[in-house]
Amino acid sequence: MLLPAQALAAEERGLPGASMSLWWALPFAGLLLSIATGPLLFHHVWEHHCGKIAALWAALVVVPLASAFGAAAASEAVLHALLTEYMSFIILLFALFTISGGILVAGNIHGTPLVNAGLLLIGALLASVIGTTGASMILIRPIIRANDARPFNAHVIVFFIFLVSNIGGSLTPLGDPPLFVGFLRGVDFFWTTANLWRETFFVGGVVLVVFLATDIIVHRREAGAPKIKDPTPDTKIRIRGLANIPLLAGVIGAILLSATWNPGVSFSIQGVSLELQNLVRDALILALAFVSLAVSRKQYREANGFNWEPISEVAKLFAGIFICIVPVVAILRAGHDGALAPLVALVTSSSGEPIDLAYFWLTGALSSFLDNAPTYLVFFELAGGDPRHLMGDLASTLAAISAGAVFMGANTYIGNAPNFMVYAIARQRGVGMPSFFGYMLWSGLVLIPTFLIAGFLFFG
């Protein structure tokens, strides 16, 4: 069932997605199911062995790929995902996690509904400037401390993931990886600002209003509950570790450098081409992270509860995810010739015109479970791949793809990397976070109706 004709595989460079069946998606589905059920059903095993479980599912992709298409094609496909996508992805995440961990918002903010809504609004606006990961890492600990005396506080973190870790990053290429991929492909830097601000303000505004109403109801319910002594003493609000602010700016500068400087130099590793500007970017970002470790005061990181466990867990799980999605992305890239052709056919009308609403929902649905950057790229290519044409005649289609990839990354814990990192930090700090499916219940009740309305308003 897994092995197509060997001759066809030998003729093609990379993986022949057109001849691959949906059975190749089973390891990816298995890894998702493990992430969904592991912390709930076998918590202690998952806590100590999640990396091994992810490695097992990854092996169930790598070994059959090598058997079916040869070691060279399999290694090239997997190495391409790891060296050109995963490494840059985790280096950026590591740097933002490390640098933001040295910034301490000291003092105690009392998490009333209005204060919480204000913090979520600030975080959402900040997300398009320093990225959803940077904004999430700077603000997640202060918002946990602000609500640590409340008996019901998990919903605050859920809406934090909705707004700060996802929706807020939709206004610039710095905000979220899919938009950065579009920027590297030729989409103008401020195109997303000019073309997504209405959708972003509408979706973000609706979700923020729903949060405020929810938090008011929960806050009133808490009035009759036994009081919890606030573990964070009342002190004046101060921002410490300001030396890390220019380091965050340096990360942004390194990203912009890689997009504007192209010396035309590349290096090949096992058939995978690595461009010099990207290597320099990653090296600079890593260097800035190590500078942060050197200049940040230890007591600030300790006050933040900073440790390496959240980024370690994310690194292990997303390494497995990036490997397991290799055959899935290959099938998607095959478009109308692949096993997912019925899905691809949904985005094109009988006259050959793109259906924006379908692009919005299909990009979003896949971005909820696949990494949203390669998903964005697949539909970007499916819509023609010409940035000038997509920014012009097909501007509404590109907007639909961009909005779907960024907004709907909030639908699950694994839709966007900051989601799982925020979940890991909150759980480590004692917040009773919902399970994988419990979180999806929240997103189904809050986000899906909002996206339905936004889809018909802007792309219908």
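Helix 4 and helix 10 run roughly parallel to each other, because their angle of about 25 degrees falls under the 35 degree cut-off. That's one of three helix pairs covered here, all taken from a predicted model. After the helix pairs come a few single residues, including N116, which is buried at 0% relative accessibility.

**Helix 4 with helix 10**

- The axes of helix 4 and helix 10 (residues 276-295) sit 9 Å apart, at an angle of about 25 degrees.
- Helix 4 and helix 10 cross in a left-handed sense.
- On the helix 4 side, the residues involved are S88, I91, L92, F94, A95, T98 and I99; helix 10 answers with R281, D282, I285, L286, L288, A289, F290, S292 and L293.
- Sorted by class, this contact of helix 4 with helix 10 comes out at 11 nonpolar, 3 polar and 2 charged residues.

**Helix 4 with helix 12**

- Helix 4 (residues 71-101) also packs with helix 12 (residues 309-324): their axes come within 10 Å and cross at roughly 160 degrees.
- Anything over 145 degrees counts as roughly antiparallel, so helix 4 and helix 12 get that label.
- The crossing of helix 4 and helix 12 is right-handed.
- Helix 4 brings V78, A81, L82, E85, Y86, F89, I90, L93, F94 and F97 to the contact, while helix 12 brings P310, I311, V314, A315, F318, A319, F322 and I323.
- The split for helix 4 with helix 12 is 17 nonpolar, no polar and 1 charged.
- F94 of helix 4 turns up in the contact with helix 12 and also in the contact with helix 10.

**Helix 15 with helix 18**

- Helix 15 (residues 356-367) and helix 18 (residues 395-407) have axes 7 Å apart and pack at about 25 degrees.
- With that angle, helix 15 and helix 18 are therefore roughly parallel to each other.
- Helix 15 passes helix 18 in a right-handed crossing.
- From helix 15 you get D356, Y359, F360, T363, G364 and S367; they meet S396, T397, A400, I401, A403, G404, A405 and F407 of helix 18.
- The contact of helix 15 with helix 18 has 7 nonpolar, 6 polar and 1 charged residues.

**Helix 5: N116 and L139**

- N116 lies in helix 5, and it counts as buried because its relative accessibility is 0%.
- A polar atom of the N116 side chain is 3.2 Å from the backbone oxygen of G111.
- The N116 side chain also makes a polar contact with the side chain of D215, at 3.1 Å.
- Setting aside neighbours within four places in sequence, N116 is in contact with G111, I143, N147, R150, V156, F211 and D215.
- L139 belongs to helix 5 (residues 113-146) as well, and with 12% relative accessibility L139 counts as buried.
- Outside the neighbours within four places in sequence, L139 is in contact with L119, I122, G123 and F160.
- L139 and V105 are 34 residues apart in sequence, and their C-alpha atoms are 8.0 Å apart in space.

**Around helix 20: S443 and V431**

- S443 is part of helix 20 (residues 436-458), and 4% relative accessibility makes S443 buried.
- Not counting residues up to four places away in sequence, S443 touches F162, A410, N411 and I448.
- V431 sits in the loop between helix 19 (417-428) and helix 20, and V431 is buried too, with a relative accessible area of 7%.
- V431 is in contact with I144, N153, A154, I157 and A426, leaving aside its neighbours within four places in sequence.
- Between V431 and N147 there are 9.6 Å from C-alpha to C-alpha, with the two residues 284 apart in sequence.
- N147 is also one of the contacts of N116.

**Helix 2: L26**

- L26 is found in helix 2 (residues 26-41).
- At 46% relative accessibility, L26 counts as partly exposed.
- L26 and L457 are 431 residues apart along the chain, and their C-alpha atoms are separated by 36 Å.

Key. Residues numbered from 1 in each chain as written. Predicted model: local features only at pLDDT ≥ 70, side-chain atom pairs only at ≥ 80, totals over all residues. Heavy atoms only, no water. Helix = DSSP H or I, 4+ residues; strand = E, 2+ residues; numbered from the N terminus. Buried < 20%, exposed > 50% of the residue type's maximum accessible area, 1.4 Å probe, protein only. Contact = heavy atoms within 4.5 Å. Polar contact = N/O pair within 3.5 Å; in protein donor to acceptor, adjacent residues only side chain to side chain. Axes fitted to C-alpha atoms, helices over the stretch in contact; angles between N-to-C directions. Parallel < 35°, antiparallel > 145°, perpendicular 65-115°, else oblique. Left-handed = near helix turned anticlockwise from the far one by under 90°. Nonpolar A, V, L, I, M, F, W, Y, C, P; charged D, E, K, R; others polar.
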